[in-house]
Amino acid sequence: MRAMILREPAPIEEKPLELADLPLPEPGSDQIRIDVDACGMCHTDLHTVEGDLELPKLPIVPGHQIVGTVAARGENATRYEIGDRVGVAWLHHVSCDECEYCQRGLENLCPSATFTGLHANGGYAEAMVAYEDFAYPIPAERGSAKGFSDTEAAPLLCAGIIGYRALKVSEVEPGQRLGLYGFGSSAHVTIQVALHWDCEVYVYTRSENHRRLARELGAVWVGGARDTPPERMHSSIIFAPASWIVPEALKDLDRGGTLALAGVTMTPIPELDYDELLYWERGIRSVANFTRQDAEELLGVAAEIPIETTVETFPLEEANEALLALKRSEIDGSGVFIIE
């Protein structure tokens, strides 16, 4: 099968992903093999390829926003039938279910958790294997709910789920003001959930194209990270990995507000003035991965709204060039690979 494989991390400008012919993977116990139809691009893929994350497995096939059809089942795999359409996301497997985190419903923090495209080969390929309990049915047309095409669904499987968890971590309430810093793949889905909750959304982004999209999707104010909006935020989410935004976001955060940091990695946070930026019970929370419950809830609300994903498609062989465009903020919405 064709796959884009990373043998050694390097700046994406050096085109470290290599097109390779790999053996078709065989599903193990409780696993399914999926013929991949589409795979979304994520900044985490870029961090993986460039070595910003510790890489437990090399070579590795990146990609963790996967939509495809079940092609084979391993021993004890009975949840899905051959031909079912499913999605696979960042959380690959949690093997314990017994630690204090799993017992508290926080499997995303479990020390045994492994991740798709990091510990196990992902979706930059014609096929991949996944544990059936960590694959999700993709909403199909049903009543008034919206079904999703493969390319529409792919961004929901990380950008959407992480944005949804970030909303929960930010503690924003319906009707409150929410700030979004960075307006790429995740934020363009998150704003639609926030508006569904009747929040007022303020978007901070430097890209003119992203500002245009934010206005089209319903932002009440759009500016740069150092601009001052007309109101303070009750909650904010930073999607960009640039830590200099943290003090800027705290300046605009109201008393008792929470700032959620949604990036999988971030540059060192500058020194924060306690009296000016943190006093009055302002809080900072990081967002670490997500749970299966988050994924199921997001896919449900996505069909109810319904969420409209903005996508730009690429052939698999152009993975290096597409990730470079992602790095340069040249993609509106989400980039998605079409696997043919």
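## Exercises on a predicted model

Asp294 counts as buried, at 1% relative accessibility. The model is predicted. The exercises below start from this residue.

**Exercise 1.** Find which side chain meets Asp294 in a salt bridge, and state where the two residues lie.

*Solution.*
- Step 1: The side chains of Asp294 and Lys168 form a salt bridge, 2.6 Å from N to O.
- Step 2: Asp294 sits in helix H9 and Lys168 in helix H4 (residues 159–170), so the pair ties together parts that are 126 residues apart in sequence.
- Step 3: Lys168 counts as partly exposed because its relative accessibility is 34%.

**Exercise 2.** Compare the positions of the salt-bridge partners of Arg211 and Arg212, both taken from helix H6.

*Solution.*
- Step 1: Arg211 meets the side chain of Glu208 in a salt bridge of 3.7 Å, N to O.
- Step 2: Both Arg211 and Glu208 belong to helix H6 (residues 208–217). They are 3 residues apart, about one turn of the helix.
- Step 3: Arg211 is buried at 16% relative accessibility, whereas Glu208 is exposed at 53%.
- Step 4: Arg212 forms a salt bridge with Asp332, and the closest N and O atoms are 2.6 Å apart.
- Step 5: This pair links distant parts of the chain, 120 residues apart. Arg212 is in helix H6, and Asp332 is in the loop between helix H10 (319–327) and strand S17 (334–338).
- Step 6: Arg212 is partly exposed, with a relative accessible area of 33%. Asp332 is buried, with 19%.
- Step 7: Elsewhere, Arg165, Lys168, Asp294 and Glu297 are joined into one network by salt bridges that share partners. The structure holds 18 salt bridges.

**Exercise 3.** Arg282 is buried yet has no salt bridge. Describe its surroundings.

*Solution.*
- Step 1: Place the residue. Arg282 is in the loop between helix H8 (274–278) and strand S15 (283–286).
- Step 2: Check for an opposite charge. The nearest such side chain is Asp254, 5.8 Å away. A salt bridge needs the atoms within 4 Å.
- Step 3: Look at the backbone. The Arg282 side chain reaches the backbone oxygen of Tyr279 at 2.8 Å.
- Step 4: List contacts beyond four places in sequence. Among them are Arg232, Leu250, Leu253, Asp254 and Glu276.

**Exercise 4.** In the loop between H8 and S15, determine how exposed Trp280 and Glu281 are.

*Solution.*
- Step 1: Trp280 is partly exposed, with a relative accessible area of 41%.
- Step 2: Tyr274, Tyr279 and Trp280 make a nonpolar surface patch of about 350 Å².
- Step 3: Glu281 is exposed, at 72%. Its phi is positive, about 60°, although Glu281 is not a glycine.

**Exercise 5.** Collect further backbone exceptions to this rule: most residues other than glycine have a negative phi, and most peptide bonds are trans.

*Solution.*
- Step 1: Asp30, not a glycine, has a positive phi of about 70°. Asp30 lies in the loop between strand S2 (17–21) and strand S3 (31–40). At 33% relative accessibility, Asp30 counts as partly exposed.
- Step 2: The Leu58 to Pro59 peptide bond is cis, with omega near -5°. Pro59 is in the loop between helix H1 (43–49) and strand S4 (66–73).
- Step 3: Ile305 and Pro306 are also joined by a cis peptide bond, with omega about -15°. Pro306 lies in the loop between helix H9 (292–304) and strand S16 (311–315).

Note on methods. Residues are numbered from 1 along each chain as its sequence is written. This is a predicted model: local features need pLDDT of at least 70, side-chain atom pairs count only at pLDDT 80 or more; totals for chains, interfaces and linings use all residues. Side-chain values use heavy atoms; hydrogens and water are left out. Helices (H or I, at least four residues) and strands (E, at least two) are DSSP runs, numbered from the N terminus. Buried means under 20% relative accessible area, exposed over 50%, partly exposed in between (1.4 Å probe, protein chains only). Lys and Arg count as positive and Asp and Glu as negative; His and the chain ends are not counted. A polar contact is a pair of N or O atoms within 3.5 Å; within protein, one must be able to donate a hydrogen and the other to accept it, and residues adjacent in sequence count only if both atoms are side-chain atoms. Contact means heavy atoms within 4.5 Å. Patches are made of residues with over 30% relative accessible area and no salt bridge: like charges are joined within 9 Å, nonpolar side chains (Val, Leu, Ile, Met, Phe, Trp, Tyr) within 5 Å. Accessible areas come from the Shrake-Rupley method with a 1.4 Å probe; for residues, only the protein chains shown count as cover.
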